[in-house]
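Student: I have a model open in front of me and would like to learn how to read its features one by one. Could you walk me through it?

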Amino acid sequence: MFETIIGLEVHCQLNTKTKIFCACSTSFGAKANTHTCPVCLALPGALPVLNKQALKKAISFGLAINAKINKKSAFDRKNYFYPDLPKAYQISQWSVPIVENGELIINIENDEKRIGITRAHLEEDAGKNTHEAGHSLVDLNRSGTPLLEIVSEPDMRNSDEAVAYIKKLHSILRFLNISDANMQEGSFRCDVNVSIRPKGENKLYTRVEIKNLNSFRFIQKAIEYEASRQIAAWEDGNYEREVVQETRLFDTTKLITKPMRSKEEAAEYRYFPDPDLLPIVVPDDLMNEASKLPELPDEKKTRYINELGLKPYDAGVIISTYEMARYFEDLINAKISPKLCVTWLCVELLGRLKNGVTIENSPVNSTKMIELLGRIEDGTISANAAKKVLDELITNQSASVDEIIEKLGLKQVSDDGAIVAIAEAVLAANADKVAEFKAGKDKLFGFFVGQVMKEGKGAFNPTKVNEILKAKLG
């Protein structure tokens, strides 16, 4: 039997307006090489100046994971040559990072597990290479975008734990509002280190790094494939030949890892202090400013459970993403009952979002949902009718809730006179059951309600039906 040893390195772009060492814009999607200047093009004589906001965001992250903040840190040069790195070195933090020794608590099947975070350091992003038939193009718009590299301890033992960790990390970054963490645009990228060992051993064996995974699903699949590849090599007696310290890529079509290059050691990068940047000394006012953290996912979950009476599972679903929590709080702030909010957000709406549609781009926004739930609470429509309205809202986003209710004829009848007439007719037609009810067979009350609702073709307000039947039956 084997166990898998997993550590993750996450590169997260910080959402500053300008780059880490110059005033160029960090906005995504601009024409190639238009967000550049002498600094990020590495022209002779250009000197870097640290972006204060990038430093503040890194400190906020460190405080959110209960880490040590090094009030004195420094930048180093990481030397390597690649076409998208115009200086032929990357400015990073090697010797003294801004954040050290943090932690993140994940939940797996109702059990908590602590994952250590070794360090989080600031660095600049590289540019982007685009490979076409017969040639490659270099776009340096991304070059110099501020990155926070977050390095975990090798504390995860399976792909489920790794995905739980990366989702929790992603959520914290979004709640802190220090990164959009958009995996599709490359602002949240993950490298996975995987090794195996026989269960019971403490020795660490050869690790393989899988580069630039950009979806939770691919992270899980890459870990599962790589672990099975290494185990198979061990069992076949080929471990030392087939499992070498190297960097591998993940083929997202075949769902396998492939060799990319041999893994560099730190010495090969020839780190040394950057002579163009002074050491960082964090002033007290910046530290105090960075300490003003918003309510984070675990704090929200506790509040939802203790103050709103949510079940732990439901609270966990709601805080799973920043967008879900924000949507839920919109509903709560509109004074909708928490129980109704949970049902219609976590069950009805999420159950209808298909084909990659998420709460962030849901066709039914929180404003429409508030309107719909308001019509349930004021008795305009029944819960069953509201499901039909929600179906229509998903396909017809321009229509209002009231327009759909009118169009589908779903408005409940609350007129006492109409309900009394039907109720009296039902009771008269079932005199024998009325006698049984009055003799103590209480369960027949549901029968009378069902008959009145049936005669009313589902348009009667059930609360009114119950009130009138109770009065008629004494």
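Student: What is the relative accessible area of E295, and how is it classed?

Tutor: Here, buried means under 20% relative accessible area, exposed means over 50%, and partly exposed lies in between (1.4 Å probe, protein chains only). E295 has a relative accessible area of 27%, so this residue is partly exposed. Before we go on, note that this is a predicted model, where local features need pLDDT of at least 70, side-chain atom pairs count only at pLDDT 80 or more, and totals for chains, interfaces and linings use all residues. Residues are numbered from 1 along each chain as its sequence is written, and side-chain values use heavy atoms, with hydrogens and water left out.

Student: Which residue does E295 meet in a salt bridge?

Tutor: A salt bridge is counted when a side-chain nitrogen of Lys or Arg is within 4 Å of a carboxyl oxygen of Asp or Glu. The partner of E295 is R303, at 2.8 Å, N to O. With 24% relative accessibility, R303 counts as partly exposed.

Student: How many salt bridges does the structure hold?

Tutor: There are 29. One of them joins the side chains of D125 and R142 at 3.5 Å, N to O. This pair links distant parts of the chain, 17 residues apart: D125 sits in the loop between β7 and β8 (128–132), and R142 in the loop between β9 (135–139) and β10. D125 has 4% relative accessibility and therefore counts as buried, while R142, at 25%, is partly exposed.

Student: Where do those helix and strand names come from?

Tutor: They are DSSP runs, numbered from the N terminus: helices are H or I with at least four residues, strands are E with at least two.

Student: How do I read the order of strands in the sheet?

Tutor: Strands of a sheet pair through backbone hydrogen bonds, either parallel or antiparallel. Two strands count as paired if DSSP finds at least two bridges between them. In this model nine strands form an open sheet with mixed pairing, in the order β2-β6-β7-β10-β1-β11-β12-β13-β14. Its edge strands, each pairing on one side only, are β2 (68–69) and β14 (256–262). β2 pairs with β6 (residues 99–108) in the antiparallel sense over two bridges, and I69 has V99 in β6 as its bridge partner.

Student: What about helix α8: does its length agree or disagree with the expected span?

Tutor: The expected span is 1.5 Å times one less than the number of residues. For the twelve residues of α8 (residues 322–333) that gives 16 Å, and the end C-alpha atoms are 16 Å apart, so the two agree. Buried residues in α8 are E323, M324, A325, Y327, F328, L331 and I332. Taking contact as heavy atoms within 4.5 Å, the buried residues of α8 pack against α2 (159–176), α6 (297–308), α7 (312–318), α9 (338–349) and α10 (366–377). Just after α8, K335 takes a positive phi of about 65°.

Student: Why is C22 not bonded to C37?

Tutor: A disulfide is a covalent bond between the sulfur atoms of two cysteines. The cut-off used is a pair of cysteine sulfur atoms within 2.5 Å. The closest cysteine sulfur to that of C22 belongs to C37 and is 3.7 Å away, which is too far for a bond. C24 is in no disulfide either, its nearest cysteine sulfur, that of C37, being 3.5 Å away. A search of the whole structure finds zero disulfides. C22 counts as buried because its relative accessibility is 13%, and C24 counts as buried at 10%.
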